[in-house]
Amino acid sequence: SLYRRLIAARRASPALARGAHRSLFGVAPEVLGWLREADGERVLVLLNAGDSARTCDLRRLPADAGEVVVTTGKRSGRTTLGDLTLEPLEGVALRL
């Protein structure tokens with residue numbers, strides 16, 4: 001279940017478990033974004049709260065791709081940030 005995957009991701013990730021939080025504004029309309037950082041690990045969390053697909057503007061981040069930690073969708077593996085589009089109600093956490 002999604003709930004179990006989220007708990008497992010948090011337990012396995014220092015950044016998600018206890019990392020410093022930094023909100024990201026202006027990623028895309030209806031998209032919430034933040035970075036969590038701890039022990040040299042950085043995780044980007046994005047959530048499309050809308051009912052339309054949204055392309056995220058992540059140019060200001062110091063990485064060009066991330067590894068999927070957990071997702072509400074079918075995304076897996078390495079994901080390029082430059083053209084990242086979230087489906088409606090999709091959430092994803094990416095290790096940068």
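Biologist: In this predicted model, where does D39 lie, and what is notable about its phi?

Modeller: As a general idea, most residues other than glycine have a negative phi. In the present case, D39 sits in the loop between β2 and β3 (41-48), and its phi is near 50°, a positive value in a residue other than glycine.

Biologist: Is D39 buried or exposed?

Modeller: D39 has a relative accessible area of 60%, and because exposed means over 50%, D39 counts as exposed.

Biologist: Which loop holds E30, and how should I read its backbone and its accessibility?

Modeller: E30 belongs to the loop between β1 (20-24) and β2 (31-38), and although E30 is not a glycine, its phi is positive, at about 65°. Its relative accessibility is 43%, so E30 is classed as partly exposed, a term that covers values between 20% and 50%.

Biologist: Turning to empty space, what is the volume of the largest pocket, and which residues lie nearest its centre?

Modeller: The general idea is that rolling a probe the size of a water molecule over the atoms shows where empty space is left. Here the largest pocket has a volume of about 350 Å³, and of the 17 residues that line it, L6, L16, W34, V45 and V70 lie nearest the centre.

Biologist: Which elements supply that lining, and what is its chemical character?

Modeller: At least two lining residues come from each of α1 (2-12), β2, β3, β5 (65-71) and β8 (91-95), with α1 giving the most, namely five residues. By character, the lining of the largest pocket divides into twelve nonpolar, three polar and two charged residues.

Key. Residues are numbered from 1 along each chain as its sequence is written. This is a predicted model: local features need pLDDT of at least 70, side-chain atom pairs count only at pLDDT 80 or more; totals for chains, interfaces and linings use all residues. Side-chain values use heavy atoms; hydrogens and water are left out. Helices (H or I, at least four residues) and strands (E, at least two) are DSSP runs, numbered from the N terminus. Buried means under 20% relative accessible area, exposed over 50%, partly exposed in between (1.4 Å probe, protein chains only). On a 1 Å grid over the protein atoms alone, a cavity is a set of points where a 1.4 Å probe fits but cannot get out, and a pocket is an open set with protein on both sides within 12 Å along at least five of seven lines; lining residues have an atom within 4 Å of a point. Grid points are joined across faces, edges and corners, and a volume is the space filled by probe spheres set on the points. Ala, Val, Leu, Ile, Met, Phe, Trp, Tyr, Cys and Pro count as nonpolar, Asp, Glu, Lys and Arg as charged, and the others, Gly among them, as polar.
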